[in-house]
Amino acid sequence: MYPDCMPSVDPQHVVVAMSGGVDSSAAALLLARAGHRVTGVTLRLYDVEGVPSGAHQGCCTLDDIEDARRVCAVLGIPHYVMDAREGFRTHVMDYFVAEYRRGRTPHPCIACNDRIKFDLLAGQAEALGAGAVATGHYARIAREPDGSFALLRGVDQSKDQSYVLAGLGQAQLARTLLPVGSFPKTRIRALAAEAGLHLAAKRDSQEVCFIPSGDYRAYLAERAAEAGEGARPGDLVDETGAVVGTHPGVEGFTVGQRRGLGVALGERRFVTGVDPATGRVAVGPESALWKRAVAVEGMRWVSGHAPAGTRRVQAKLRYGGEPARALAEPGPDGTLTLHFEAPQRAPTPGQAAVLYDGERVLGGGTIAQALD
């Protein structure tokens, strides 16, 4: 689109990502009540044809698109559907498969936020002349005294989603609104019910959204068959390196896993490491899962720049975990080593490490390796 054909930007016009859930619906409701001109946009991310209605626990299904449309009709705002299936398959689904084949455990929601949702919403907002985009994430954005933007944890700590937004930078935060982050979930549901929204009691979506059955191993096997790639069987080895069994493929294992090892060892054993190069999956006692440090790659800082030296932080190594005190030691090329005050259970390569200073998100990267 040529510059002279671009619509003028209306700072009060907000494009809201409408997933068909109560949180994004409440975000649109709150913004409309605050006087914004709101447009709802639903991203069609993947195909779930053939899945019975109501059987899918993800988001952005055809039923969810219809739910979003009904909400927009009640609110009296326009609703559009964007086809994002091609980009979602490349940047989320293909990434998901590739990470498991590397012996890592991916976080598809972070990939979706980083590569799909916010980029596509920003483009749609620009095309519509909107000054901002909004989502239903439980996090907050604050303006700093120097004019920059801070990303903060949500008020409802039990629903806080700042972990999956740590990749947002200053340019994105400057044009993003997170209206539900200042409310507890119970209040959000109450607001939706008071407004007569039919989905006020709708259950929250469950990951992984594009795997209707919830069986990620079956999904990985299906994708491997589509690509003409077979499973990569190998050995199960104990902490001494002795072979204690075999497995059907490294893709079926993640660090910390206890069930599905396929071998009886007389006492509880957990996956402690996955080596796709050799096909070996290491198992050991729970004590072997506890690590004092992790190496992090691909660090992205909310402020746009890394700290000059080591600093004390709180670091969160999984979505449902709690931040733990650590010393962050920057390395070259966006790497970082986190040294924890207390050992952490099962740091998992491929998952995100997100750094906090109290409620403030400093940045995040990907766990590359757990260190003793």
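The following exchange examines how several descriptions of this predicted model are justified.

Me: What makes the chain as compact as a globular protein of that length?

Reply: The chain comprises seven helices and 17 strands. Its radius of gyration is 22 Å, and the globule rule gives 21 Å for 372 residues; the two values are close, so the chain is as compact as a globular protein of that length. Along the principal axes, the C-alpha atoms fill a box of roughly 65 × 50 × 45 Å.

Me: How much of the chain is buried, and how much surface does the chain expose?

Reply: Buried residues account for 48% of the 372 residues. The chain exposes about 17,200 Å², of which carbon and sulfur atoms supply 51%.

Me: What share of the contacts between residues at least 6 apart in sequence joins residues at least 24 apart?

Reply: That share is 66%.

Me: How far apart are the mean positions of the positive and negative charges?

Reply: The chain has 40 positive and 42 negative charges, and their mean positions are 4 Å apart.

Me: Why are β3 and β7 called edge strands?

Reply: The open sheet has five strands in the order β3-β2-β1-β4-β7, with parallel pairing. Strands β3 (79-83) and β7 (176-177) each pair on one side only, and they are the edge strands of this sheet. In general, the strands of a sheet pair through backbone hydrogen bonds, in either a parallel or an antiparallel manner.

Me: How do you know that β4 and β7 count as a pair?

Reply: Two strands pair if there are at least two bridges between them. Two bridges join β4 (residues 130-134) to β7, so the requirement is met, and these strands run parallel. Within this pairing, Val133 has Thr176 of β7 as its bridge partner.

Me: Which strands does β1 pair with, and over how many bridges?

Reply: Strand β1 (residues 10-17) pairs with β4 in the parallel sense over four bridges, and Val14 stands opposite Ala132 in β4. Strand β1 also pairs in the parallel sense with β2 (residues 37-44), over five bridges. There, His13 stands opposite Arg37 of β2.

Me: What makes β4 largely enclosed by the rest of the structure?

Reply: A residue is buried when its relative accessible area is under 20%. Five of the five residues of β4 are buried, so the strand is largely enclosed by the rest of the structure.

Me: In which sense does β13 pair with β14 and with β16, parallel or antiparallel?

Reply: Strand β13 (residues 311-316) and β14 (residues 324-330) run antiparallel and are joined by five bridges. Val313 has Ala326 of β14 as its bridge partner. Strand β13 also pairs with β16 (residues 352-357) in the antiparallel sense, over three bridges. Lys316 stands opposite Val354 in β16.

Me: Why is Val244 called partly exposed?

Reply: The term applies between the cut-offs of 20% and 50%. The relative accessible area of Val244 is 26%, which lies in that range, so Val244 is partly exposed. Val244 belongs to strand β9 (residues 243-247). Leaving aside residues up to four places away in sequence, Val244 touches Leu236, Val237, Asp238, Val263, Leu265 and Val283. Val244 and Arg259 are 15 residues apart in sequence, and their C-alpha atoms are 16 Å apart in space.

Me: Why is Asp333 called exposed?

Reply: Exposed means a relative accessible area over 50%. Asp333 has a value of 79%, so Asp333 is exposed. Asp333 lies in the loop between β14 and β15 (336-345). Its phi is near 55°, a positive value in a residue other than glycine.

Me: Is Ala346 buried or exposed, and how do you know?

Reply: The relative accessible area of Ala346 is 2%, which is under the 20% cut-off, so Ala346 is buried. Ala346 lies in the loop between β15 and β16. Although Ala346 is not a glycine, its phi is positive, at about 55°.

Definitions and conventions. Residues are numbered from 1 along each chain as its sequence is written. This is a predicted model: local features need pLDDT of at least 70, side-chain atom pairs count only at pLDDT 80 or more; totals for chains, interfaces and linings use all residues. Side-chain values use heavy atoms; hydrogens and water are left out. The radius of gyration is taken over C-alpha atoms; the globule rule is 2.2 Å times the number of residues to the power 0.38. Buried means under 20% relative accessible area, exposed over 50%, partly exposed in between (1.4 Å probe, protein chains only). Contact means heavy atoms within 4.5 Å. Accessible areas come from the Shrake-Rupley method with a 1.4 Å probe; for residues, only the protein chains shown count as cover. Lys and Arg count as positive and Asp and Glu as negative; His and the chain ends are not counted. The place of a charge is taken as NZ of Lys, CZ of Arg, CG of Asp or CD of Glu.
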